[in-house]
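Trainee: Got a few minutes to go through a fold with me? I'd like to practise reading strands and cysteines.

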Amino acid sequence: MFSDDRRSPRPRRAGVRLAAAGGAVLAATAGCGNLASGTETELDDNINLTSTMMQAGEPMPNLYTCRGEGVSPALQWSGLPDEGVTESLALVVDAPEEATVFWVLFGLDPQTAELRQNTVPHPGEQGRNTEGETAYDPPCRSEDGADEVRFTLYALDSELDLAEDASLEEALGAIAARAVSRGSLTVSSGQ
């Protein structure tokens, strides 16, 4: 269980420096526009990423934020590139306007079509988030309440050769280099 200070909005700490270091990579991997992958092809947006617990453009249920239990939400996907193209999957959860990364997962099996609530699948490994932790860091609503939280699933053309606690910059750079397709679900950080 989280302590009470995890249930109320909190300012981002020293981890913001990590976001600045990985900001350019984050913009390339999760941002708009095309990204050339390691195979010299354009990155497409053909993956359909959804959640039974969240709707695009709507506030996240408190369960998934710092105001609730702070657990990671369930996600489902379809539309991965043809068999043989996708060797691995990665997930990046970020607040694009803040250059904050809440969660990085990689090494996910492309044969799976979902991520269950509050789990790290096997196989699957976590990279460091903006706070420097290898965990899901539940988003907090800013003062104006206008924060967007983006869940982006990447199809990768190979496994990533990273340690489980890879730095944010290493993980995002490796994802950018191997990504062949992506799909996003964007919600607001809460009410």
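What follows is a short back-and-forth about this predicted model.

Trainee: Let's start with the cysteines. Which residues form the disulfide, and how far apart are their sulfur atoms?

Mentor: The structure holds 1 disulfide. A pair of cysteine sulfur atoms has to lie within 2.5 Å to count. Cys66 and Cys140 meet that, with their sulfur atoms 2.0 Å apart.

Trainee: How many residues apart are the two cysteines along the chain?

Mentor: Look at the loops. Cys66 sits in the loop between S1 and S2, while Cys140 is in the loop between strand S6 (125-127) and strand S7 (148-156). The bond therefore links distant parts of the chain, and the separation is 74 residues.

Trainee: Is Cys140 buried or exposed?

Mentor: The cut-off for buried is under 20% relative accessible area. Its partner Cys66 comes in at 0%, so Cys66 passes. Cys140 has 9% relative accessibility, so Cys140 also counts as buried.

Trainee: On to the strands. In the open sheet of 3 strands, which strands stand at the edges?

Mentor: The sheet has the order S1-S2-S5, with antiparallel pairing. An edge strand has a single partner strand, so one side of it is left without a neighbour in the sheet. That describes S1 (48-50) and S5 (114-115).

Trainee: Which residue in S5 is the bridge partner of Gln76?

Mentor: Strand S2 covers residues 75-78, and S2 pairs with S5 in the antiparallel sense over 2 bridges. In S5, the partner of Gln76 is Glu114.

Trainee: How many residues of strand S3 are buried?

Mentor: Take S3 (residues 88-95) one face at a time. In a regular strand the side chains alternate between the two faces of the sheet. On one side of S3, Ser88, Ala90, Val92 and Asp94 are buried, and on the other so are Leu89, Leu91, Val93 and Ala95. The count for S3 is 8 of 8.

Trainee: What is the bridge partner of Val92 in S7?

Mentor: S3 and S7 pair in the antiparallel sense, over 7 bridges. For Val92, the partner in S7 is Thr152.

Trainee: And which residue takes a positive phi in the hairpin of S3 and S4?

Mentor: S3 also pairs with strand S4 (residues 100-108), again antiparallel and over 7 bridges. Ala95 stands opposite Thr100 in S4. The hairpin has 4 residues between the strands, and the one with a positive phi, near 55°, is Ala99.

Technical notes:
Residues are numbered from 1 along each chain as its sequence is written. This is a predicted model: local features need pLDDT of at least 70, side-chain atom pairs count only at pLDDT 80 or more; totals for chains, interfaces and linings use all residues. Side-chain values use heavy atoms; hydrogens and water are left out. Two strands pair if DSSP finds at least two bridges between them. Buried means under 20% relative accessible area, exposed over 50%, partly exposed in between (1.4 Å probe, protein chains only).
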